[in-house]
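Hi,

Here is the structure I promised to pass on to you. Have a look at it first, and then read on for what turned up.

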Amino acid sequence: MDQTEMPSTTQVEVVVIGAGLAGTAAATVLARAGRSVALVDSHRVFPPEFRAEKLGPPHVAMLEPLGLADTALGAATAIDSIDIYRFGRLVARHRGREYGYGYSDVVNALRGAMPAAVDFMVGRVAGIEAGPGLQTVTLADGRAIAARLVVVATGLGDAIRRMVGIARVDTRKAHSLSLGFDLDRPAYAYPFESLAYYGTGYDRVAYLTLFPIRDTMRANLFVYREANDPWTRAFRQNPAETLGALMPNLGGICGGLGVAGRVQVRPIDLTLSQGHRRDGVVLVGDAFCTTCPAPGVGVKRVLTDVDLLCNVHIPRWLATPGMDASKIGAFYDDPRKVESDAQAIRQSEFSRSMAIDPGLVWVARRARNTLVRKGAALVRQAGASLARAEAPPMTGSSARM
C-alpha cells in the first residue's frame, strides 16, 4: 500500500466507545471543557431501541448542570399530571412536570447538538491496546485512535469489554421484564394525561405506566417474569386481552383498551463487572453494571457516572502523567458512585421482593401495605364526600355559570 493510502491515526486525549446516552453525554461534557475527544459508534444514526422512556424531576436536575437538559427535553413530550391507581381505583392525581421520550430520539438529538470539536467516527472497533501510558483503538477499516484514556460506554454490549479482558457477572439472571407497546388511539383520546397502575403485590407486576410520546399513548409494563414464560408469549400474541385479564379495570379507565403494533420485550438481568480495574480503560453507565428500570433510577445512575467521570476524575487524571489502574480506581471508589450504584441495586431487589418474594417478612409487608393504602383511600373518599356535603348548593345565576 502506498504511504498516502495508509489509514490515518487520530490523536486525542479521550476516546469514548459507544454513542448512546452515556457515551454521547460524556463526549459532549468533555469537549465543552476543552478536551480533545473522539466518539466511536457503529451507527451514524442511533437505531430505535427500547430503553428508558420517562424522565422525572431527578433526571432533569442532573441534565441541567451537564448542559444537556434543553436538547434532551426538546426531543421529549412534557407531561403535567399523572393519575395513580392502586387496586384498580384512582387514589391520587399528581401534578408535576415529567417527560415521555423515545430513547433513540433523545440520543440522536444529543448527537446533533455535540460540539463540532468532537471527532465522531462511525465504525466497528477491531482491537484495543491498553496500558499505563498511551492507548490505541483500531477500527475494522484500519483507522486508529491514539488516546490517553478509553471510556467504554457500550451499555449492554460485551464485545468491547471482552476485548480488554473485563467480564460481566450476573447477580440475578432474569430479574424482570420490561414490555413496551403503543395503545391504538391518539394520546388526546384518553381521559387522562398519563397514568400509573400498580400491581397488587401478588400478581408479579411492579406497575404499568401510560404516557404520551408526541401523539402516541405509550405503555411501559414492568413484571417479574421470564421471557420464555407462557404468560409472556400470550402477551406478545394477544396483548390487549392479556393486559385486560391482568388489570380488569383498565379498559374502563381508558374508555376501551387496544394495542397497536408489536410488543417490545426486554429481559432485565442484574449484572456487575469483574476485572474492570485496568490500565487506560474505564467503564461508565450500563457498561459497568445493570439494574432494573422499574424503580426509575437507571438514568440517574448513568448521569451520575457521567458527571463524576467527566467533571471530577478525568480532569484530575489528565493533569498528571500516566493512566494506570490505580489512578482509574479512584472513579470506581468514589463515594457518590458507590452509593449511586448500591442504591439502584437495592431498589431493584426491593421492588422485586415486594412483588413476589414468598418469605414471611415480605408477605407481611405486602399485607401491611395493602391495608395502609386501602385505609388511606377510604379516608380520602370520606373527606371528599364530607366536602361535597358541606358545600353550599348552587342557586340562581351561579348555578348556570
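Let me begin with a pair of helices: α1, which covers residues 21–32, packs with α9, residues 298–318, at an angle of about 30°, and their axes are 10 Å apart. Because angles under 35 degrees count as roughly parallel, α1 is roughly parallel to α9. Their crossing is right-handed. Please keep in mind that this is a predicted model.

If you would like to find the contact on screen, look on the α1 side for L21, A22, A25, A26, V29 and L30, which meet V299, V302, V306, C310, N311 and I314 of α9. What kinds of residues make up this contact of α1 with α9? There are 11 nonpolar residues and 1 polar one, with no charged residue among them.

Now for the strands. The model has an open sheet of 4 strands with mixed pairing, and the order across it is β1-β10-β9-β8. The edges are taken by β1 (9–11) and β8 (125–129); each has a single partner strand, so one side of each is left without a neighbour in the sheet. On average, and with direction ignored, neighbouring strands here are turned by 20° against each other.

For a closer look at one edge, go to β1 and β10 (residues 144–147): these two strands run parallel and are joined by 3 bridges. A handy place to start is Q11, whose bridge partner in β10 is A146.

Enjoy exploring, and write back with any questions.

Best wishes

Notes: Residues are numbered from 1 along each chain as its sequence is written. This is a predicted model: local features need pLDDT of at least 70, side-chain atom pairs count only at pLDDT 80 or more; totals for chains, interfaces and linings use all residues. Side-chain values use heavy atoms; hydrogens and water are left out. Axes are lines fitted to C-alpha atoms, for helices over the stretch in contact, and angles run from 0 to 180 degrees between N-to-C directions. Angles under 35 degrees count as roughly parallel, over 145 as roughly antiparallel, 65 to 115 as roughly perpendicular and the rest as oblique. A crossing is left-handed if the near helix is turned anticlockwise from the far one by less than a right angle, and right-handed if clockwise. Contact means heavy atoms within 4.5 Å. Ala, Val, Leu, Ile, Met, Phe, Trp, Tyr, Cys and Pro count as nonpolar, Asp, Glu, Lys and Arg as charged, and the others, Gly among them, as polar. Two strands pair if DSSP finds at least two bridges between them.
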